[in-house]
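Please read the points below beside the coordinates. They are arranged by residue and by element, and the working cut-offs are given where a term first appears.

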Amino acid sequence: MDGKPATRRGPDFCSLRYGLALIMHFSNFTMITQRVSLSIAIIAMVNSTQQHSLSNASTEGPFADAFNNSSISIKEFDTKATVYQWSPETQGIIFSSINYGIILTLIPSGYLAGIFGAKQMLGAGLLISSLLTLFTPLAADFGVILVIVVRTVQGMAQGMAWTGQFTIWAKWAPPLERSKLTTIAGSGSAFGSFIILCVGGLISQVLGWPFIFYIFGSTGCICCLLWFTVIYDDPMQHPCISVREKEHIMSSLPQQPSSPRRAVPIKAMVTCLPLWAIFMGFFSHFWLCTIILTYLPTYISTLLHVNIRDSGVLSSLPFIAAASCTILGGQLADFLLSRNLLRLITVRKLFSSLGLLLPSVCAVALPFVASSYVITIILLILIPGTSNLCDSGFIINTLDIAPRYASFLMGISRGFGLIAGIVSSTATGFLISQLQPIYPIKNQ
């Protein structure tokens with residue numbers, strides 16, 4: 001892991017590998033918008049389940065049973081879209097159901113992607129997720145059980161897509177460009193969160209909440225066409241790659257067996273302490289990120305008392321900061337490595353520590369500055385931004401220590417993270433409903 005990679009450089013931003021990173025950025029953008037669509041749409045979906053009863057203030061808040069907040073007018077949601085009576089506990093289960101689906105496919109898809117290639121698995125997962133996103137409004141009309149089933153299957157599809165990416169980077173990313181390429185691709189998630197949170201409320205107000213799912217589901221279908229056309233698992237197989245770039249990639253990567261792997265050294269992995277450090281890093285990272293990603297729109301609309309459109313705009317700001325920090329962190333990490341300023345292990349530890357410590361400090365400080373609107377917004381922006389420094393730390397560390405098994409190990413790592421996501425989102429919904437009688441939120 002501490003070995004000095006070759007410093008020979010090939011073509012950069014006009015190269016095919018950077019084009020691949022941009023397409024993967026768009027794929028991650030699409031998947032996260034489909035995942036977060038429900039978080040922004042549910043504010044309208046559960047707001048006023050009785051349209052004729054305008055005097056019932058207790059149903060006007062996004063989490064009606066948890067917060068008696070009537071600051072959001074029912075008229076804002078006076079579209080012809082259906083609304084539902086879902087309690088905070090039910091919403092927490094719906095939010096976490098996609099994580100149940102993802103966790104079911106993470107490890108198997110990581111192993112199978114290493115055998116059969118990531119192109120087909122990732123493309124199929126993206127296509128299934130997109131089609132289920134289009135189906136979500138109809139599923140809601142049939143009942144909450146079907147919504148949970150759809151979100152679970154959608155999670156299984158996204159699990160296939162998330163994990164397979166590292167199989168591609170194991171063959172396409174030179175060691176000195178791993179942080180850059182993976183963060184360009186990974187920043188699509190933060191940028192997608194920014195877009196869906198920024199425009200989701202506006203779409204809900206103008207067109208009705210079902211169009212949030214229709215628009216981003218259709219975007220995913222378009223992305224699938226691009227994916228199957230342009231992406232190849234191996235640079236040796238790509239018909240459009242230049243000879244110079246191909247030689248640069250192949251000469252910079254260690255020689256690996258060309259035959260598909262069958263045996264996985266499970267015993268060695270179980271006893272490997274660096275792997276357990278990566279797993280715990282994912283658990284901690286996903287715990288906080290899931291709460292922020294899922295409940296940030298409701299937190300802003302309820303505690304800061306803003307309407308759904310402004311809530312979406314404010315909720316989107318942290319994620320444009322996250323996208324920026326992800327890319328800048330990748331650039332800085334590879335700069336430190338290429339100039340031999342720090343060892344590889346030091347760079348990974350530095351970005352992991354900053355990505356875990358800084359957002360945690362900001363999150364702990366939130367309750368103490370709740371009276372200050374500006375400071376609260378600043379901290380909410382800093383949490384996802386600083387958290388994404390982990391993308392240049394432990395998140396890509398499996399490519400450094402075991403590139404041949406990167407997808408399999410990424411599946412396990414994300415499994416630990418999603419366990420944290422399941423527990424944190426479900427527990428948050430439960431705590432909201434339990435603490436409301438003790439700490440009621442009063443309207444301003």
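1. Thr182 sits in helix α5, which spans residues 178-206; helices here are DSSP runs of H or I with at least four residues, strands are runs of E with at least two, and both are numbered from the N terminus. The model is a predicted one, in which local features need pLDDT of at least 70, side-chain atom pairs count only at pLDDT 80 or more, and totals for chains, interfaces and linings use all residues. Residues are numbered from 1 along each chain as its sequence is written, and side-chain values use heavy atoms, with hydrogens and water left out.

2. Thr182 counts as buried because its relative accessibility is 9%, where buried means under 20% relative accessible area, exposed means over 50% and partly exposed lies in between (1.4 Å probe, protein chains only). Its side chain reaches the backbone oxygen of Arg178 at 2.6 Å, a polar contact in the sense of a pair of N or O atoms within 3.5 Å, of which, within protein, one must be able to donate a hydrogen and the other to accept it, residues adjacent in sequence counting only if both atoms are side-chain atoms. Leaving aside neighbours within four places in sequence, Thr182 is in contact with Trp169, Ile396 and Leu399, contact meaning heavy atoms within 4.5 Å.

3. Gly188 also belongs to helix α5, and with a relative accessibility of 0% Gly188 is classed as buried. Residues up to four places away in sequence aside, Gly188 touches His25, Asn28, Phe29 and Ile32. For Ile32, which lies 156 residues away along the chain, the C-alpha separation from Gly188 is 8.1 Å.

4. A similar side-chain to backbone arrangement may be checked at Thr219, in helix α6 (residues 210-230). A polar atom of the Thr219 side chain lies 2.9 Å from the backbone oxygen of Ile215, while Phe26 and Thr30 are the contacts of Thr219 once neighbours within four places in sequence are set aside.

5. Which residues of helix α7 (residues 243-252) are buried? They are Glu245, His248, Ile249 and Ser252, and, seen down the axis of α7, they fall within an arc of 95°, so they line one face of the helix; the arc is that of the directions from the helix axis to the C-beta atoms. These buried residues pack against α1 (16-45) and α4 (144-172).

6. Met45 lies in helix α1 and is buried, with a relative accessible area of 1%. Beyond residues up to four places away in sequence, Met45 touches Leu38, Thr82, Val83, Tyr84, Trp86, Ala140, Trp209 and Phe213. Met45 and Ser204 are 159 residues apart in sequence, yet their C-alpha atoms are 9.4 Å apart in space.

7. Ser424, in helix α14, is likewise buried at 1% relative accessibility. Not counting residues up to four places away in sequence, Ser424 touches Trp287, Thr290 and Ile291. The C-alpha atoms of Ser424 and Thr294 are 10.0 Å apart, with their positions 130 residues apart in sequence.

8. Asn340 deserves a separate look: Asn340 has a positive phi of about 55° although it is not a glycine. The residue is found in the loop between α10 and α11 (344-365), and at 49% relative accessibility Asn340 counts as partly exposed.

9. The count comes to four cavities of 30 Å³ or more, and the largest has a volume of about 670 Å³. Of the 32 residues lining the largest cavity, the closest to its centre are Gly186, Ser189, His285, Phe286 and Arg414. Helix α9 gives the most to this lining, with seven residues; the elements that give two or more residues include α5, α9 (273-303) and α14 (406-435). On a 1 Å grid over the protein atoms alone, a cavity is a set of points where a 1.4 Å probe fits but cannot get out, and lining residues have an atom within 4 Å of a point. Grid points are joined across faces, edges and corners, and a volume is the space filled by probe spheres set on the points.

10. For the chain as a whole, the secondary structure comes to 14 helices and zero strands, and 58% of the 444 residues count as buried. Residues 24 or more positions apart account for 84% of the contacts with a separation of 6 or more.

Definitions and conventions:
1 Å grid on protein atoms, 1.4 Å probe; cavity = no way out; pocket = protein on both sides within 12 Å on 5 of 7 lines; lining within 4 Å.
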